[in-house]
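Please look through the following structure step by step, beginning with a metal site and moving on to the aromatic rings.

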Protein chains: 2
Amino acid sequence: MISFISSGVCSRTQYARERVIPAVENIKLKYYTVDVVSAQYYNNRRPVRYIEFSVVPIPLRTAVVLGYIAYLYNTVAVNGGRQMAVDRSRTLCPVAAVIVLLLQTLLIQPLTEASAGHCRLACSLRDEIAGYRPIVDRVLSYVQDQKGYKGKTWAALSEFTDTFGSRLAGTPNLENSIDYMLNRLRTTNLDNVHAERVVFTGWQRRKEFARLVSPRVKNLAMLGLGGSVSTVPEGIRAEVVVVTSFDDLLNKSSEVNGKIVVYNQPFVSYGETVKYRSKGASEASKYGAVATLIRSITPFSLNTPHAGQQDYSDGVKKIPTACITVEDAELLNRMYNRGSKLEIFLKMDSKFFANATSRNTVAEIKGSTDPDKIVLVSGHLDSWDVGQGAMDDGGGAFISWNSLAVLKNFGLRPKRTIRCLLWTAEEEGYIGAYAYLKSHISELEKFNLVIESDEGTFQPYGIAFHGSDTSACIMAEVAKLFDSINATTMQSTKDNVGSDIEVFENMNIPGLSLLNRNEKYFWYHHTEADTMAVEDPDSLDLNTAMFAVISYIIADLSVELPKS
Amino acid sequence: MISFISSGVCSRTQYARERVIPAVENIKLKYYTVDVVSAQYYNNRRPVRYIEFSVVPIPLRTAVVLGYIAYLYNTVAVNGGRQMAVDRSRTLCPVAAVIVLLLQTLLIQPLTEASAGHCRLACSLRDEIAGYRPIVDRVLSYVQDQKGYKGKTWAALSEFTDTFGSRLAGTPNLENSIDYMLNRLRTTNLDNVHAERVVFTGWQRRKEFARLVSPRVKNLAMLGLGGSVSTVPEGIRAEVVVVTSFDDLLNKSSEVNGKIVVYNQPFVSYGETVKYRSKGASEASKYGAVATLIRSITPFSLNTPHAGQQDYSDGVKKIPTACITVEDAELLNRMYNRGSKLEIFLKMDSKFFANATSRNTVAEIKGSTDPDKIVLVSGHLDSWDVGQGAMDDGGGAFISWNSLAVLKNFGLRPKRTIRCLLWTAEEEGYIGAYAYLKSHISELEKFNLVIESDEGTFQPYGIAFHGSDTSACIMAEVAKLFDSINATTMQSTKDNVGSDIEVFENMNIPGLSLLNRNEKYFWYHHTEADTMAVEDPDSLDLNTAMFAVISYIIADLSVELPKS
Ligand SMILES: [Zn+2]
Ligand SMILES: [Zn+2]
């Protein structure tokens, strides 16, 4: 007699394939005797009916199907941890099930393909991941418990941002905040706390000013873009051409020479629309524009200018460039369309400083058996020079290191090392991450996974993952553990899922970030409104917990995440 | 034989009370012969069955009931304008209806009380109001028609605000915008276009600046409050006490002397919370505060300071006062709670100028038969000196005068006069409205209704009304005409429903404003974000149409709105 009891983790067809078929084949008989009986066994001390079968002389495939039915009925009893009494009408069903399943076996594929998507993970691995549930639940309880870690990430982040405010790369303020963090990580008793030096060319805003001067006087709220050159010291006054796209610029290219080009492009998405901030200056400069003012990259504004990096093209004259508000871009567009001759006065002064230095900040939980293998969890400490860098990316940096603090508090040490990285100079183009890649290129093989949060720490609802299909299947199993907080969505993507970690994802390291309710992220992004008011204590707790258990499980699993 | 045909406007019980009972009583017989028969009549060219009854010797009350049944069945056919065939099964029902209605008559009250609320308007008046439906529908179609008035209010408002920007009372800019409006109203061929002079003491912001200087340096976005005194020219530097309420101020009153008091009160509602802006300075000054910085009165901020008037108390030393942002107030509160000694540097410079002049702007559609009776429709042209005054109150002013323009285009001249008022110096405390009241006090009796829009021109959904119960019942009938745009809500309130018009409401003139989806109104209110981006063309069209037909109906109705 053969009987099968499932943990309820694997899909039914997968269970049949991995357990039932090999078991039947092991008997090395071509025909089996099958007899469906019923019995009782105890699950969590409550009796549950299930079905066994004994061997009768029938074809192998039929035996498999009936074994599967046995599994199926067992599942009815224990699937998902619910205990259901199987009633009499239910016990009549196997007859119908046999017919359905025999039809399935004729097609073979439906039996051997998993019904729950494309994943064909070994049941043993899925069981193993499911085995982390008690840890997940304990950590989730801990961060939601007033006597546990509840509110601690928010409290730490608010003290940090309140103390330092914005943290532009190249400023003493950022370096002071890094010193503060090193001290904080050490007092948290994390392993191997240290900083790694980065050298780069810094950029800093000084005085800047934009004003519509004709046909009426109106100050234009603005922020010079990262890396922009200055105007001449006395400022420039020039006529305005308003365009709504690069195509529109091309149409009006003959009007642009000597003028200030205002871009009033509609917001589609950050990814789609940010090209106007990045390349607007050089594109307009090609036709002789003397400066560009670009509508801020945001779906919502309270007359809010947004900062950000721009990127001059090689071989094109560098012209001053800044973002203005959505409202002012629309205003100028309307006036321009009415045929008004618009003139703007623009004065911008910024400073470049070669050989600026900063530091990436590192802390670890050393692995117990395989300490040179790494799961990296990260956010960036630097910010733009407006706002408080609470959202971008204080939240990401603080859920990262607090996730290690939480594991430390539980005494949870995985097999492999969890390394927390607080990047520097992300805003100027992943400068800290590139420097880190360069100096750690030799250990790149040992990176199992790179995790980052740089798109908000709002209410989390799942995982965004970039890696091989099998890795994605593993992460999907991990995501299932977050059902108690409704964060089981698993989004596998061909795109990179981080900012700094892009650098590593491009080197074929799997990348992960959290899906979170960040619909308003770009309302605040790179503005004076990036403050603690954006951050929610409860959401930070859940983000911290998810980072903690995800990095713990991946660093502790019997297998490493397979790279493609 | 008596038969009753209803327009479907009145409630059934009301119809019975007003029409059936008097009709039956007119026959001056105690007993009547009743015979229920059926017949056909034509409603909008389609045959509809109804029920007549003829007189048989029965008690009066029973006759009334049966008359009512006749009405009831007629209503089935024509109620709500829908034409329904009355089927055979329906014609069997009167027997059951007689029983129900006889029971009703035993209780009397259910028959004589209207079922649709507390209103007991005469059917004739309700019929009369319902009779305006064709005009309402025509106007609504017109403002939603590309070839009609669609988009015209928005276009006019954007040209106006783009040309003039903010319009602070006492500035040449406001006066230029008033000249523009007078010209615009004349070219719209409105009657009696003119301005009426107002003299007042103006206030104007000059340089102002607030900065946290210890324990770290952070500029604080701020707006000095209307009427605030200046600091000494070199500015003041003082320690900070943060309070969260007037009670908290009282608790900390011994710490306040010589300090800057920061109010970080939570936002409850504008009406509830604005007292901190109005009275925060004087309350803190009582305990020796040298200045006050008040959290802006808003439920949402992108580090957005809000302007507004404040109101020094008599006999208390006047100290400089400004609003800071929600985010900065919370930041200072957190730092203060952590025990940091906070110091702020504050420099404010403003100018008062006595004998400033401005003008209320007036235009009319003269009434055809009773031109000295007035329905007043209004908004204020002035604004604070930040933003563009597009929402507060460009939208209100522009739906007001455009509602007259729409009526003019239709050649609709009501019996009484519709007078459009574009107030000046509202923001400084209804200065224009008070001046107007004073100079028009003798004709106050002739004001039937004062209408204003000063709480947004978002999607309208009904009417807010302040007046006698009977007036409210009339307005409720008018509101029903807006069912095609889902704007039938009628909110009758004991409170005033406007800003400038408060002045007249306090003199027992009924007041009206529109209910609109203004949940975000205070996000923009008195900020740089009060721009055309807030205004939606379609919503402006509907607001314009509602102002047009409401003012037309009330100015044209056979009765004047009864004052209490
Ligand atoms: Zn970032
Ligand atoms: Zn207003």
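In this predicted model, the zinc ion (ligand 1) is held by protein donors from His380(A) (NE2), Asp392(A) (OD) and Asp454(A), the last of which is listed with two OD entries; the donors lie 1.8 to 2.6 Å from the ion. Along the chain, these donors follow the spacing H-x11-D-x61-D. His380(A) belongs to strand E11 (residues 370-380) of chain A and Asp392(A) to helix H14 (residues 390-410) of chain A, so the pair ties together parts that are twelve residues apart in sequence.

What is the arrangement of the four donor atoms around the zinc ion (ligand 1)? The angles that they subtend run from 53 to 146 degrees, which makes the arrangement irregular. A tetrahedral label would require all angles to lie between 85 and 135 degrees. As for accessibility, His380(A) is buried, with a relative accessible area of 0%, and Asp392(A) is buried as well, with a value of 4%.

The UniProt record, an unreviewed entry, places the annotation "domain: Peptidase M28" on residues 360-547 of chain A. In the model, the end C-alpha atoms of this span lie 20 Å apart, and the span is 32% helix and 26% strand.

The aromatic rings form the next topic. A pair of aromatic rings is described by the distance of the centres and the angle of the planes. Over all chains, a search of the whole structure finds 44 aromatic pairs. One of them joins Phe246(A) and Tyr276(A): the ring centres are 4.3 Å apart and the planes meet at 25 degrees, so the pair is stacked, given that planes under 30 degrees apart count as stacked. Phe246(A) lies in helix H10 (residues 246-251) of chain A and Tyr276(A) in helix H12 (residues 275-285) of chain A, so this contact ties together parts that are 30 residues apart in sequence. Phe246(A) is partly exposed, with a relative accessible area of 21%, whereas Tyr276(A) is buried, at 9%.

In chain B, the rings of Tyr270(B) and Phe522(B) have centres 4.2 Å apart and planes at 10 degrees, so this pair is stacked. Tyr270(B) lies in helix H11 (residues 270-273) of chain B and Phe522(B) in helix H18 (residues 521-524) of chain B, so the pair ties together parts that are 252 residues apart in sequence. Tyr270(B) is buried, with a relative accessible area of 18%.

Rings can also be linked into a cluster, as ring pairs do for Phe160(A), Phe164(A), Tyr180(A), Phe398(A) and Trp401(A). Finally, charged groups sit over rings in chain B. The charged end of Lys351(B) is 5.2 Å from the ring centre of Phe353(B), and Arg517(B) lies over the face of Tyr461(B), 3.9 Å from the ring centre.

Note on methods:
Residues are numbered from 1 along each chain as its sequence is written. Chains are lettered from A and ligands numbered from 1 in the order in which they are written. This is a predicted model: local features need pLDDT of at least 70, side-chain atom pairs count only at pLDDT 80 or more; totals for chains, interfaces and linings use all residues. Side-chain values use heavy atoms; hydrogens and water are left out. Rings of Phe, Tyr and Trp (its six-membered ring) pair if their centres lie within 6.5 Å; planes under 30 degrees apart count as stacked, over 60 as edge-to-face and the rest as tilted. Helices (H or I, at least four residues) and strands (E, at least two) are DSSP runs, numbered from the N terminus. Buried means under 20% relative accessible area, exposed over 50%, partly exposed in between (1.4 Å probe, protein chains only). A charge sits over a ring if NZ of Lys or CZ of Arg is within 6 Å of the ring centre and within 35 degrees of the ring normal. UniProt positions are given in the numbering used here, feature names are shortened, and annotations may be inferred rather than shown by experiment. Donors are N, O and S atoms within 2.8 Å of the metal (3.2 Å for Na, K and Ca); water is not among the atoms, so sites may look incomplete. Four donors count as tetrahedral if all angles lie between 85 and 135 degrees; four count as square planar and six as octahedral if opposite donors are over 155 degrees apart and all others between 65 and 115; anything else is irregular.
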